[in-house]
Number of protein chains: 2
Amino acid sequence: MLINNHPLKNANKRQTINLVNSLSGFKSANLIGTKNDQGNFNLALFSSVFHLGAEPPLMGLIVRPDSVPRHTLENIRHNGYYTINHVHKGIYKQAHQTSARYAKEVSEFSAVNLTPELGQLHDAPYVKESYLKIGLHLRDLKPIELNGTWLVIGEVIELRIPEKALKENGYIEIEALGSVAVSSLDHYHSTQLIQTLPYAKP
Amino acid sequence: MLINNHPLKNANKRQTINLVNSLSGFKSANLIGTKNDQGNFNLALFSSVFHLGAEPPLMGLIVRPDSVPRHTLENIRHNGYYTINHVHKGIYKQAHQTSARYAKEVSEFSAVNLTPELGQLHDAPYVKESYLKIGLHLRDLKPIELNGTWLVIGEVIELRIPEKALKENGYIEIEALGSVAVSSLDHYHSTQLIQTLPYAKP
């Protein structure tokens, strides 16, 4: 990798990780809720959730098997259902704390003081304190051979949002919900709407 | 899909697209620069660029073949190289305008008044006006059979950034570069750092 035409020869592992994590731009901050084969709830912070398509409603998630939220992939495989919960300004510290290496039998919900909320369609836990909660059914798992990560593809089966947040045109104003943006590994940002632009025509 | 336990029965196509595009949270805004087999430059706005891994430095991009930036995938396949350029507050309107359906022979650079910048490692065009420019080599293309999209995986081979933006610890302060965040399809946001949190321990 060349930086400004000079190879980044002297970067250590930490510098390289920080640098490459900064490149994509702003990221989403979501807590993934799962249930393991012992019936325990797991909660893990991810900045790798992304939109994959609207019809059918599909969302993608990149999981690193060797990273902290390693139980997440195992639980999604086993259970087939999981939840995505937006992180807002009031819970970002607790959300960040879920990335600590807790033992498998410890529920991150209790460890960081967040509350599991259950629906009737499946038994993966939502985060009660989140304002935008999404229930998903696993549809596909794709290995990324280049680095040993996995692309998890889920179909949205349930949404739990404040009624007033859903606009007539279908938009959810996530800024009004206080959802945060993440940059690099550990920078949390609030947002300010600059402008909504109309459909572009030549 | 159930919303607050009521099926979204009456949503039309536009409402559904707006809604599902709002779900993942804040997204990155990047211009992808490519060169086609006639030697013409193409530029297209994407909100689907994401971090895939640091070692090797890999970035992902979701492309919808039936959407406007359809030439992008064709060009990446053909050329093997492409660029990712952060959209900042000074160029978001021009960036948005690249999503208009220009004819294949029209260069979006000229149409929206942005300037191609060339490096020495490859012949895909960077956006001169961007403050964070990334050159990539195509490493893998994965079809997402569920909805006909493609995951494009590239390895970072070159970075062009203002020297002062690169911190001692490897971070690039993308907020200081004015990079914007996107929500749903067409909402552009600036950001304000809330806090940088330390590595979490149990």
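Contact means heavy atoms within 4.5 Å. The views below come from a predicted model.

**View 1. Chain A and chain B meet through the same surface.** Of the interface residues of chain B, 100% are also interface residues in chain A, so the two copies use the same surface. Each side is counted separately: 98 residues from chain B and 98 residues from chain A take part. Together the chains bury about 8800 Å², with 61% of this on carbon and sulfur atoms. B:Phe26, B:Leu146 and B:Tyr171 lose the most area on the side of chain B, together 9% of what that side buries.

**View 2. A rotation of 180° places chain B on chain A.** The shift along the axis is 0.0 Å and the RMSD is 0.0 Å. This is the relation of a two-fold axis. B:Thr191 is the residue of chain B that comes closest to the axis, with its C-alpha at 2.2 Å.

**View 3. A salt bridge joins B:Glu145 to A:Lys142.** The N to O distance between these side chains is 2.9 Å. Four salt bridges are found across the interface of chain B and chain A. On the side of chain B that touches chain A there are 47 nonpolar, 31 polar and 20 charged residues.

**View 4. Strand S11 of chain A pairs with S8(A) and S12(A).** S8(A) and S11(A) are antiparallel, with five bridges, and A:Ile84 lies opposite A:Ile134. S11(A) and S12(A) are also antiparallel, joined by 11 bridges; A:Leu138 has A:Gly154 as its bridge partner. Four residues lie between the strands of this hairpin, where A:Gly148 has a positive phi near 75°.

**View 5. S12(A) pairs with strand S1 of chain B.** These strands run parallel over two bridges, and A:Leu159 is partnered with B:Ile3.

How values were computed
Residues are numbered from 1 along each chain as its sequence is written. Chains are lettered from A and ligands numbered from 1 in the order in which they are written. This is a predicted model: local features need pLDDT of at least 70, side-chain atom pairs count only at pLDDT 80 or more; totals for chains, interfaces and linings use all residues. Side-chain values use heavy atoms; hydrogens and water are left out. Copies are superposed by least squares on the C-alpha atoms of residues with pLDDT of at least 70 in both. Two strands pair if DSSP finds at least two bridges between them. Buried area is the accessible area (1.4 Å probe) that two parts lose on being put together, summed over both. Ala, Val, Leu, Ile, Met, Phe, Trp, Tyr, Cys and Pro count as nonpolar, Asp, Glu, Lys and Arg as charged, and the others, Gly among them, as polar.
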